[in-house]
Amino acid sequence: MLAILTKINKNLVLAIPVAMVLGFGFGLAAPVGWLKALIVPLTFLMVYPMMVNLKLQKVLEGGDMRAQALAQAINFAVIPFVAFGLGKLFFADQPWYALGLLLAALLPTSGMTISWTGFANGNLGAAVKMTVLGLILGSLATPLYVRWLMGAEVPVDMGAIFMQIVIIVFLPMIAGHFTQKWLIARHGQAEYQKTWAPRFPPFSTLGVLGIVFVALALKAKDLVAQPGELLVVLVPLLCLYAINYVLSTIVGRALLPRGDGIALVYGTVMRNLSIALALAMNAFGGESAAAALVIAIAYILQVQSAAWYVKLTDRLFGPAPARAAKPG
């Protein structure tokens, strides 16, 4: 089973649309109310495995403060307001879609930040630190931003949101940290990295696909009634990612060395859509499936765009030093 899940994890660009189609078909063919009971266990399955490999101690390391400061400035002083503005522009009468767009913009960085930075020969240490800082800061800031920006349009229970953040983020983070320490103490660092660390991300992917399936199943009949909804959601998401890539690339090229600049791009454009999806499905009542639909579609754009950006990295930032040093 692990081999199958690992293969799926490496092909998210196909797996997520398949989960969306299956969920959509199920939502049309069968009763879906009972699926809501699966949201909490699927959330745990999605979040806990990704926390096991998180290196919390990286926050205390120095050496790339400019990159870290610029990343968090883009993540929390720029992109949430871009998402809010796009929501106002495209979803003036659909606040739940606007909420989904905002949630996608408020929770930066994921394990993919590190992976894609590595593929592009960027600064992995800086990417790891951005991942941890972005996750912690985003978790603390999200309830405040949602209340501030969306409180007049959707019901926002601050206590419930903070409680969900604790359940969805901080409890799995603590459990994952102690799981990692126990495995390292039992098997050693080298064995942990070689054997145990790769086993966790595929299970997180299974949770993601489950949540996407549930979100589409719950939204299926509405989508049939309004078949243009997917296009309506896609356009502002394309705008959000395009603005984010352009801004982060300009800042990274102008103010940072190559490796840190690449980490900056992936540390700001890669959103933690798993936690955003879990929060959308757990912390809000009403039309939360609409918010989840936006985030589910963002998965497809995020994976595709990250892969294409790797191919453009050398053109945008110059070749990696090892390749730049070829004799002429």
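In the predicted model, phenylalanine 91 and tyrosine 97 are both buried. Their ring centres lie 5.4 Å apart and the ring planes meet at 55 degrees, so this pair is classed as tilted, the stacked class being reserved for planes under 30 degrees apart and the edge-to-face class for planes over 60. The structure contains ten aromatic pairs.

A stacked arrangement is found for tyrosine 245 and tyrosine 309: the centres of the two rings are 5.1 Å apart and the planes are at 25 degrees, so the pair falls under the 30-degree limit for stacking. This pair joins distant parts of the chain, with tyrosine 245 in helix H11 (residues 229-255) and tyrosine 309 in helix H14 (residues 288-317), a separation of 64 residues. Tyrosine 245 and tyrosine 309 are both buried. Elsewhere, Phe26, Trp34 and Phe213 are linked by ring pairs into a cluster.

Tryptophan rings also lie beneath charged side-chain ends. Arginine 199 places its charged end over the ring of tryptophan 196, at 4.5 Å from the ring centre. In the case of lysine 311, the charged end is positioned over the ring of tryptophan 308, with a distance of 4.4 Å to the centre.

The largest nonpolar core comprises 100 residues, and the members that touch the most others are Leu99, Leu103, Val146, Val212 and Leu237. Helix H14 supplies the largest share of this core, contributing 15 residues. When neighbours within four places in sequence are set aside, leucine 237 is in contact with Leu101, Val294, Ile297, Ala298 and Leu301. Another core lies apart from the largest one and has six residues, including Leu183, Tyr192, Ala197 and Phe200.

The largest pocket encloses about 1,300 Å³ of space. Its lining is made up of 41 residues, and those nearest the pocket centre are Asn9, Gly111, Met112, Ser115 and Pro201. Two or more lining residues come from each of helix H1 (2-9), helix H2 (12-29), helix H3 (39-52), helix H6 (111-119), helix H7 (124-150), helix H10 (201-225), helix H13 (273-283) and H14. The greatest contribution to the lining is that of H6, which provides six residues. H14 thus appears in several of these features: this helix carries tyrosine 309 of the stacked pair, gives 15 residues to the largest nonpolar core, and is among the elements that give two or more residues to the lining of the largest pocket.

Key
Residues are numbered from 1 along each chain as its sequence is written. This is a predicted model: local features need pLDDT of at least 70, side-chain atom pairs count only at pLDDT 80 or more; totals for chains, interfaces and linings use all residues. Side-chain values use heavy atoms; hydrogens and water are left out. Rings of Phe, Tyr and Trp (its six-membered ring) pair if their centres lie within 6.5 Å; planes under 30 degrees apart count as stacked, over 60 as edge-to-face and the rest as tilted. Buried means under 20% relative accessible area, exposed over 50%, partly exposed in between (1.4 Å probe, protein chains only). Helices (H or I, at least four residues) and strands (E, at least two) are DSSP runs, numbered from the N terminus. A charge sits over a ring if NZ of Lys or CZ of Arg is within 6 Å of the ring centre and within 35 degrees of the ring normal. A nonpolar core is a set of buried Ala, Val, Leu, Ile, Met, Phe, Trp, Tyr and Cys residues joined through side-chain atoms within 4.5 Å. Contact means heavy atoms within 4.5 Å. On a 1 Å grid over the protein atoms alone, a cavity is a set of points where a 1.4 Å probe fits but cannot get out, and a pocket is an open set with protein on both sides within 12 Å along at least five of seven lines; lining residues have an atom within 4 Å of a point. Grid points are joined across faces, edges and corners, and a volume is the space filled by probe spheres set on the points.
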